[in-house]
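Welcome to a short set of exercises on reading a protein model. Try each task yourself before you look at the worked solution.

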Amino acid sequence: MATILEVYKLLKLKKENGEDIGMFGESFIEMCEKDKEPSTTKEVHVTLVKNKKEGGSDGKNN
């Protein structure tokens, strides 16, 4: 069974040789090449902390 990289290389070679690889082949090549591009997004986790008022001597925020 072929790996994704092997299929990509085969389709790329067929395309360079002028063979018709069809719409699926074109889409497959585009998908593989897009995965090689560095990601411009970053996953972050955010926690919301509301501002607290200064409390009195008893520690309550009055």
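Helices, of at least four residues, and strands, of at least two, are DSSP runs that are numbered from the N terminus. Keep in mind that this is a predicted model.

**Exercise 1. The overall picture**

Find how many helices and strands the chain has, and work out what percentage of its residues count as buried.

Solution.
- Step 1: Look for the DSSP runs. The chain has two helices and zero strands.
- Step 2: Turn to burial, where a residue is buried if its relative accessible area is under 20%. Of the 62 residues, 11% count as buried.
- Step 3: Consider the surface. About 6200 Å² of the chain is exposed, and 54% of this comes from carbon and sulfur atoms.

**Exercise 2. A pair of rings**

Describe how the rings of F24 and F28 are placed, and decide whether each residue is buried or exposed.

Solution.
- Step 1: Recall what is needed. The distance of the centres and the angle of the planes describe a pair of aromatic rings.
- Step 2: Count the pairs. With centres required to lie within 6.5 Å, the count comes to one aromatic pair. The ring centres of F24 and F28 are 6.0 Å apart and their planes are at 40°, so this pair is tilted.
- Step 3: Place the pair along the chain. F24 and F28 are four residues apart in helix 2, which covers residues 22-36, and this separates them by about one helical turn.
- Step 4: Check each residue. F24 has a relative accessible area of 63% and is exposed, whereas F28, at 14%, counts as buried.

**Exercise 3. The nonpolar core**

Name the residues of the largest nonpolar core, and find which helix gives the most to this core.

Solution.
- Step 1: List the members. The largest nonpolar core has six residues: Y8, L11, I21, F28, I29 and C32.
- Step 2: Sort them by helix. Helix 1 (4-16) and helix 2 each supply at least two residues of this core. Helix 2 gives the most, with three residues.
- Step 3: Follow one member, F28. Leaving aside neighbours within four places in sequence, F28 is in contact with I4, V7, Y8 and L11.

**Exercise 4. Two salt bridges**

Find which side chains meet in salt bridges, and say which helices they lie in.

Solution.
- Step 1: Search the whole structure. Two salt bridges are found.
- Step 2: Take the pair K12 and E33, whose side chains meet at 2.7 Å, N to O. K12 lies in helix 1 and E33 in helix 2, so this salt bridge ties together parts that are 21 residues apart in sequence.
- Step 3: Check the exposure of this pair. K12 has a relative accessible area of 26% and is partly exposed; E33 is partly exposed as well, at 29%.
- Step 4: Take the pair E26 and K15, whose side chains meet at 3.2 Å, N to O. E26 lies in helix 2 and K15 in helix 1, so the pair ties together parts that are 11 residues apart in sequence.
- Step 5: Check the exposure here too. E26 counts as partly exposed at 30% relative accessibility, and K15 is partly exposed at 39%.

**Exercise 5. A closer look at K15**

Which residues does K15 touch, not counting those up to four places away in sequence?

Solution.
- Step 1: Locate the residue. K15 lies in helix 1.
- Step 2: List its partners. K15 touches I21, E26 and I29.
- Step 3: Look at E26 among these partners. The C-alpha atoms of K15 and E26 are separated by 8.7 Å, while a polar contact of 3.2 Å joins their side chains.

Conventions:
Residues are numbered from 1 along each chain as its sequence is written. This is a predicted model: local features need pLDDT of at least 70, side-chain atom pairs count only at pLDDT 80 or more; totals for chains, interfaces and linings use all residues. Side-chain values use heavy atoms; hydrogens and water are left out. Buried means under 20% relative accessible area, exposed over 50%, partly exposed in between (1.4 Å probe, protein chains only). Accessible areas come from the Shrake-Rupley method with a 1.4 Å probe; for residues, only the protein chains shown count as cover. Rings of Phe, Tyr and Trp (its six-membered ring) pair if their centres lie within 6.5 Å; planes under 30 degrees apart count as stacked, over 60 as edge-to-face and the rest as tilted. A nonpolar core is a set of buried Ala, Val, Leu, Ile, Met, Phe, Trp, Tyr and Cys residues joined through side-chain atoms within 4.5 Å. Contact means heavy atoms within 4.5 Å. A salt bridge is a side-chain nitrogen of Lys or Arg within 4 Å of a carboxyl oxygen of Asp or Glu. A polar contact is a pair of N or O atoms within 3.5 Å; within protein, one must be able to donate a hydrogen and the other to accept it, and residues adjacent in sequence count only if both atoms are side-chain atoms.
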